[in-house]
Structures are given as structure tokens and as C-alpha cells.
Amino acid sequence: MLDYIVDILELELWLSVGLPEEKWLKKASNRAKQVVLYTYGENNQGPWWQKNQNTLRQYSNLKIISLPYSATSVMAEMLTRTMALTVTVQDGEIWFSDEQHSVHLIPETLQG
């Protein structure tokens, strides 16, 4: 009975991070009103986008945002079990800071 109830509900937002296969984004697009994908990685984003962009453009409810490696690599250094981050968002730009680091991130919208 629970499976049936879950199947009839429509998700508002499906959020994903990484470089998923097209079949996962198709599944997300069919199940949710809006899908947002954040991509990251040093040398993988460009080839992944070149390979998948034509297919992914058919999903009108899919938004893809690329996070630059220069910022995400520093952010990875900031991750600790008891981290305290300050986040500022202004005019589409994001600043993350902790006691030792400060990262300026400008996301690039690839689709949506």
C-alpha cells in the first residue's frame, strides 16, 4: 500500500549532485516537477556535458548548474565533522567562509 501512495505523489524538486548517467536524469525528470543538477570536477565536467547535452536538452524541467573546480576543491578542504560555515549569496555569486578559508563561487548555468 505504501508503494502505491508514493507512486501517486508528484515530487516538487529532485536535487542531484555529480555527473549522473542520462537514465537517472530521465527518471528524475519523469518523477519531479523540477530537477536541479549541480555538476563538479576538475576534468570531467566538460567531456560529460559535451557527451550528454543534446540528449538532456529534451528535459524541459531540468536545470544544470556547473560548479567551478577552483572553488569546489577549496571547499573540500573546509569539510570537517564540526564545521561552521558562513554563506553569503548576492547577485548569483556565493561566498563560503570558515575560520581559515574563504571561497568565492560563481556557478555557471549550462541548462535551464
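Helices (H or I, at least four residues) and strands (E, at least two) are DSSP runs, numbered from the N terminus. With that in hand, here are some exercises on the structure above. This is a predicted model, in which local features need pLDDT of at least 70 and side-chain atom pairs count only at pLDDT 80 or more, while totals for chains, interfaces and linings use all residues. Residues are numbered from 1 along each chain as its sequence is written, and side-chain values use heavy atoms, with hydrogens and water left out.

**Exercise 1. Take stock of the fold**

Work out how many helices and strands the protein has, and in what order the elements run.

Step 1. Count the elements: there are four helices and seven strands.

Step 2. Walk along the chain from the N terminus, and you will read α-β-α-β-α-β-α-β-β-β-β.

Step 3. Add the overall dimensions: the C-alpha trace spans about 50 × 35 × 25 Å along its principal axes.

Step 4. Look at burial, where buried means under 20% relative accessible area, exposed over 50%, and partly exposed in between (1.4 Å probe, protein chains only). Of the 112 residues, 30% count as buried.

**Exercise 2. Lay out the open sheet**

Find the order of the strands in the open four-stranded sheet, and say which strands stand at its edges.

Step 1. Two strands pair if DSSP finds at least two bridges between them. By this rule the order is E1-E2-E3-E7, with mixed pairing.

Step 2. The edges are strand E1 (11–17) and strand E7 (108–111); each has a single partner strand, so one side of each is left without a neighbour in the sheet.

Step 3. From one strand to the next, the twist averages 20°. Angles run from 0 to 180 degrees between N-to-C directions, with axes being lines fitted to C-alpha atoms, for helices over the stretch in contact.

Step 4. Now see what "mixed" involves. E2 and E3 run parallel and are joined by five bridges, with Val36 opposite Lys63 in E3. E3 and E7 run antiparallel with three bridges between them, and here Ile65 stands opposite Thr109 in E7.

Step 5. Check the cover over E3: four of its five residues are buried.

**Exercise 3. Pack the helices on the sheet**

Determine which strands H2 lies across, and which of its residues are buried.

Step 1. H2 lies across E1, E2 and E3, at about 145° to E2. Helix H3, for its part, lies across E2, E3 and E7, at about 165° to E3.

Step 2. The buried residues of H2 are Leu25, Ala28 and Ser29. Seen down the helix axis they fall within an arc of 100° (taken from the directions from the axis to the C-beta atoms), so they line one face of H2.

Step 3. Turn to the face pointing away from that buried side, and you meet the exposed residues Lys23 and Asn30.

Step 4. Ask what the buried residues pack against: E1, E2, H3 and E3. Contact here means heavy atoms within 4.5 Å. Leaving aside neighbours within four places in sequence, Ala28 is in contact with Trp14 and Val35.

**Exercise 4. Trace the nonpolar cores**

Identify the elements that each supply at least two residues of the largest nonpolar core.

Step 1. A nonpolar core is a set of buried Ala, Val, Leu, Ile, Met, Phe, Trp, Tyr and Cys residues joined through side-chain atoms within 4.5 Å. The largest has 12 residues, among them Leu25, Ala28, Trp48, Trp49 and Ile64.

Step 2. Helix H2 (22–31), strand E2 (32–39), helix H3 (45–56) and strand E3 (62–66) each supply at least two of them.

Step 3. A second, separate core has nine residues, including Val36, Ile94, Val103 and Leu105.

**Exercise 5. Look at single residues**

Locate the salt bridge, then decide whether Asp91 is buried or exposed.

Step 1. The structure holds one salt bridge, defined as a side-chain nitrogen of Lys or Arg within 4 Å of a carboxyl oxygen of Asp or Glu. The side chains of Glu12 and Lys33 form this salt bridge (3.1 Å, N to O).

Step 2. Glu12 lies in strand E1 and Lys33 in strand E2, so the pair ties together parts 21 residues apart in sequence. Lys33 counts as partly exposed, at 45% relative accessibility.

Step 3. Asp91 lies in the loop between strand E4 (86–90) and strand E5 (93–97). Asp91 is exposed, at 73% relative accessibility, and has a positive phi of about 50° although it is not a glycine.
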